There are 2 protein chains.
Amino acid sequence: MTVTIKDVAIKANVAPSTVSRVIANNPRISEKTKKRVRKAIQELGYHPNLNARSLANQMTNSVGIVMPESASKSFQNPFFPEVIRGISSYIQSREYSLFMVTGETEEAIYEGVVKMVQGRRVDGIVLLYSRVDDKIIQYLIEKKFPFVLIGKPQQTAQDITYTDNDNYSAGREVTEYLIKLGHTHIAFIGGSPNLMVTKERLSGFREALLMADLQISNDYICHMEFLQEGGKEAVEQLFQLKQPPTAIVVTDDLMALGVLSALSEKGYSIPDDVSVISFNNVILSEISNPPLTSVDVHIFQLGYESAKSLVEKIEAPDLLPKNILVPYTIIERHSCMKQEGR
Amino acid sequence: MTVTIKDVAIKANVAPSTVSRVIANNPRISEKTKKRVRKAIQELGYHPNLNARSLANQMTNSVGIVMPESASKSFQNPFFPEVIRGISSYIQSREYSLFMVTGETEEAIYEGVVKMVQGRRVDGIVLLYSRVDDKIIQYLIEKKFPFVLIGKPQQTAQDITYTDNDNYSAGREVTEYLIKLGHTHIAFIGGSPNLMVTKERLSGFREALLMADLQISNDYICHMEFLQEGGKEAVEQLFQLKQPPTAIVVTDDLMALGVLSALSEKGYSIPDDVSVISFNNVILSEISNPPLTSVDVHIFQLGYESAKSLVEKIEAPDLLPKNILVPYTIIERHSCMKQEGR
DNA sequence: TATTGTTGTGCAAGCGATTGCACGAAACTG
DNA sequence: CAGTTTCGTGCAATCGCTTGCACAACAATA
């Protein structure tokens, strides 16, 4: 049926072990034999059975990526495809493959991860999110299984390798930007408060207000889903207040689009009536109306670097954990404006 | 180190084979033994080594998904995440896992596929695209490896299982819709002419014009990349013509967004000056400005059904190939308008 | 009681690779 | 030229699981 290493061995008139060594390019095999074996491999169209190989040498040459439990929904957010692209790009160059773990519920994902890990399907895992009290992280730590996090781990966790932006600073900077434009009533719309990103950006936001002696009202802080509807709902809430904000920090472009459209439905014009600044700088932000001022967090690189760290960790497990901060850049477009008078 | 089937066997005081049968829930094992073994499994936290299992029983319980070669770029198109979600959703319910094949070049992807297939990493493959003269399809057919196509195969190929919309009809219907609105100068902006979707929709488009006795000019037919920039470039071309179109059929929402923004940059207002109708109905179309009239092709279902077909095919290889047509729906929003006068 | 059937388990041979070790041949040494 | 290295290859065990077949134990039958 399938052509195995034995077939090659017979054809090349050597032992299977020799074929194996040729594939591994073992220096102890003579060039002459190598050539002969390679020819046989070619002619037979032989490809090693990766399961057998994995079984024998205890490694799979593939890594798993774990989507947040809301994968079903959040996959709509361009953040994920892009970060996966980054991962995939590096992974590819190192001849690894990609396994995906998705699931409807947290429990399902957890099961999936356990199955991958204990089932030895992957050599390492990259988690596409970081949130508080995560069962999966606990598990991986316990099992001493190589993994990296995209986002900051909850505990100052010196022993977790992660890749992230400096979201605290970014949150602060963005807010300061709005303050400099003269805004004093600034709202914050973020994703789930369980996500580390949200927490970090929020505390940056708070810090900026504090430094500027502005009041921090809880009415101005919303936590919604990372999707457009999230943005819309938030707007509903905020613009019912007797003193609605004149500027909004939104932690995600997709939400920001929701904000934009909800706002213009309500008859507000942007940026004249309210300024909006958001995060991620996915392609959409460029073509929204008006184009969004957004923080480019370099999603691709986030993925790329995390994959790189992971592979390093897989190949040298005793290496110290390593944290990579990917820089961010505020991309100014047309959704923010100076606030005249008060 | 890791706990194997032997450890369980010892702990439960049975032979490894018995443990194996308990896991497979083989009826020949007594309930009493089963209980005992299950308890041991629980207590040891045993999970079977999937590589070993795959090796032994010649199946992996996972499927591969292949992105188009431009994955690097096209992943930005929300179509893909959504279709993957659909696949993943079904796959999950059947306890399969997902392997991803991506790559920068067609060659790289091809290699990846071969590696998966011969390496026995997956039991089947779903191709996320269909294009003419595809090497991968050839290969899979030749190897008699189970796969399904999302999109219509090139050859009338009665022996290929695929899931698709009736893109020919959709193309025609959409065009007729514009004709009914009074448009006589209708352009078509599509993706690569190698893609079957493009071909099908285009011929539907042509047919509609033909039926309405309208002229078909090649100047009105553009082929671009499935991205926003594609849309922009197309607009550049079309609106240099001495007689620019008053309505445009765009085969993808993302491109349509590009069209929209290019158009408004040029000072055209939509839908007053030019009507735009597009395909896919990704979330963006809803919040674009104006909201896009778009054909909902039910991407999720496309993925879901194809996964279903694939699993069926894996589990009953001799089943006749099966083609599923997922219905489409035109979602009217605000990017099309009646054309007054001539 | 001897014979035939069940039922539940275990033995051992795979699945297709990798790898430590042994070993014959060739090339070096003195 | 005998003795020691070096080089290239093969043997066989191993990775962890599945499964056909054999077989012991016990029940049912004659």
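# Chat about the two chains and DNA strands C and D

Student: Which residues sit closest to DNA strand D, and how many surround it?
Tutor: There are 26 residues around DNA strand D, and the closest are A:Ser17, A:Thr33, B:Ile5, B:Ser17 and B:Ser20. A residue is near a strand or molecule here if its C-beta atom, placed from the backbone, lies within 6 Å of it.

Student: Which elements give two or more residues to that surface near DNA strand D?
Tutor: Helix H2 (16-23) and helix H4 (50-57) of chain A, together with helix H2 (16-23) and helix H4 (50-57) of chain B. Helices (H or I, at least four residues) and strands (E, at least two) are DSSP runs, numbered from the N terminus.

Student: Before I go on, what kind of model is this?
Tutor: It's a predicted model, where local features need pLDDT of at least 70 and side-chain atom pairs count only at pLDDT 80 or more, while totals for chains, interfaces and linings use all residues. Residues are numbered from 1 along each chain as its sequence is written, and chains are lettered from A and ligands numbered from 1 in the order in which they are written.

Student: OK. How many nonpolar, polar and charged residues are on the surface near DNA strand D?
Tutor: 13 nonpolar, 10 polar and 3 charged. Ala, Val, Leu, Ile, Met, Phe, Trp, Tyr, Cys and Pro count as nonpolar, Asp, Glu, Lys and Arg as charged, and the others, Gly among them, as polar.

Student: And DNA strand C, which residues come nearest there?
Tutor: A:Thr4, A:Ser17, A:Ser20, A:Ala52 and B:Thr33 come nearest, out of 27 residues around DNA strand C. Two or more residues come from each of H2 and H4 of chain A, and from H2, helix H3 (31-44) and H4 of chain B. By class, the surface near DNA strand C has 13 nonpolar, 10 polar and 4 charged residues.

Student: Switching to the protein-protein side: how many residues of each chain are in contact?
Tutor: 37 residues of chain B are in contact with 37 residues of chain A; contact means C-beta atoms, placed from the backbone, within 7 Å.

Student: Which elements of chain B supply that side?
Tutor: H4, helix H6 (79-93), strand S2 (97-101), helix H7 (106-118), helix H12 (253-265) and helix H13 (283-287) of chain B each supply at least two residues. The side of chain B that touches chain A holds 16 nonpolar, 17 polar and 4 charged residues.

Student: What does S2 of chain A pair with across the chains?
Tutor: With S2(B): strand S2 (residues 97-101) of chain A runs antiparallel to S2(B), over 3 bridges. A:Phe99 stands opposite B:Phe99 there. Strands pair if DSSP finds at least two bridges between them.

Student: What rotation superposes chain B on chain A?
Tutor: 180°, with 0.0 Å of shift along the axis and an RMSD of 0.1 Å. The two copies are therefore related as by a two-fold rotation axis. They also use the same surface, since 100% of the contact residues of chain B recur in chain A. The superposition is by least squares on the C-alpha atoms of residues with pLDDT of at least 70 in both.

Student: New topic. How is chain A divided into domains?
Tutor: Domain 1 is 5-48, domain 2 is 62-165 + 299-327, and domain 3 is 167-297. Those bounds come from an automatic or database domain assignment. The C-alpha centres of domain 1 and domain 2 of chain A lie 36 Å apart.

Student: And how many helices and strands in chain A?
Tutor: 14 helices and 12 strands. The C-alpha atoms of chain A fill a box of roughly 90 × 40 × 30 Å along the principal axes.

Student: Which strands does S3 of chain A pair with?
Tutor: Strand S1 (residues 62-66) of chain A runs parallel to S3(A), with 4 bridges, and A:Val63 has A:Gly124 as its bridge partner. Strand S4 (residues 147-150) of chain A is also parallel to S3(A), with 3 bridges, and A:Val126 stands opposite A:Val148.

Student: Are the residues on the faces of S3(A) buried or exposed?
Tutor: Buried on both: A:Gly124 and A:Val126 on one side, A:Ile125 and A:Leu127 on the other. Buried means 20 or more other C-beta atoms within 10 Å of the residue's own, exposed 12 or fewer, and partly exposed in between, with C-beta atoms placed from the backbone.

Student: Last one: why does A:Gly151 count as buried?
Tutor: Because A:Gly151 has 22 C-beta neighbours inside 10 Å. A:Gly151 is in the loop between S4 and strand S5 (162-164) of chain A. Leaving aside neighbours within four places in sequence, its contacts include A:Tyr129, A:Tyr162 and A:Met196.

Terms used:
Two residues are in contact if their C-beta atoms, placed from the backbone, lie within 7 Å.
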